[in-house]
Amino acid sequence: MVFFDLPMQTDNNRREYTRFHKFLLKQGFIMMQKSVYTKLVINNVTSAFMKQKVKENLPKEGLVELLEVTENQFSRIEYLVGKEQQITEDGTDRIVEI
């Protein structure tokens with residue numbers, strides 16, 4: 001899970017936000033809430049790879065936090081108000097870098 005709060009006061013701030021947002025989407029993250037994105041990965045190696053890619057693409061300013069949870073822990077989310085999103089990511093695509 002990636003949580004972020006980025007400044008939006010200047011044109012450069014907005015460009016950085018847009019660049020980071022597009023990066024997350026391109027990497028397969030799904031928006032849970034306005035500044036909370038999630039991605040399911042298959043193992044610890046893939047998780048470490050994705051964490052490194054996020055670190056390499058951080059905006060210059062603002063707050064970005066990353067939390068790793070297991071699929072089992074994530075499945076126990078309780079929706080107190082509102083409904084669960086129906087967006088699902090079901091695939092076996094894998095990233096291989098040599």
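Strands here are DSSP runs of type E with at least two residues, numbered from the N terminus. I keep in mind throughout that this is a predicted model.

Entry 1, Met32. I looked up where Met32 sits and found it in strand S2, which covers residues 30-33. I then asked whether Met32 is buried, partly exposed or exposed. Its relative accessibility is 25%, and partly exposed lies between under 20% for buried and over 50% for exposed, so Met32 counts as partly exposed. I also checked Met32 against Met1, which is 31 residues away along the chain. Their C-alpha atoms are separated by 9.3 Å.

Entry 2, the core. I asked which residues make up the largest nonpolar core. I listed 10 residues: Val2, Phe4, Leu6, Phe20, Phe23, Leu24, Phe29, Tyr37, Met50 and Val54. At least two residues of this core come from each of strand S1 (2-5), helix H1 (11-26) and helix H2 (44-56). H1 gives the most, with 3 residues. I followed one core member, Phe23, further. Leaving out residues up to four places away in sequence, Phe23 touches Lys53, Val54 and Asn57. Val54 is itself on the core list.

Entry 3, the surface. I noted a nonpolar patch on the surface formed by Leu67, Val69, Phe74, Ile77 and Tyr79. Together they have about 380 Å² of accessible area. I picked Val69 from this patch and located it in the loop between strand S4 (63-66) and helix H3 (71-74). The relative accessibility of Val69 is 33%, so I record Val69 as partly exposed.

Terms used: Residues are numbered from 1 along each chain as its sequence is written. This is a predicted model: local features need pLDDT of at least 70, side-chain atom pairs count only at pLDDT 80 or more; totals for chains, interfaces and linings use all residues. Side-chain values use heavy atoms; hydrogens and water are left out. Patches are made of residues with over 30% relative accessible area and no salt bridge: like charges are joined within 9 Å, nonpolar side chains (Val, Leu, Ile, Met, Phe, Trp, Tyr) within 5 Å. Accessible areas come from the Shrake-Rupley method with a 1.4 Å probe; for residues, only the protein chains shown count as cover. A salt bridge is a side-chain nitrogen of Lys or Arg within 4 Å of a carboxyl oxygen of Asp or Glu. Helices (H or I, at least four residues) and strands (E, at least two) are DSSP runs, numbered from the N terminus. Buried means under 20% relative accessible area, exposed over 50%, partly exposed in between (1.4 Å probe, protein chains only). A nonpolar core is a set of buried Ala, Val, Leu, Ile, Met, Phe, Trp, Tyr and Cys residues joined through side-chain atoms within 4.5 Å. Contact means heavy atoms within 4.5 Å.
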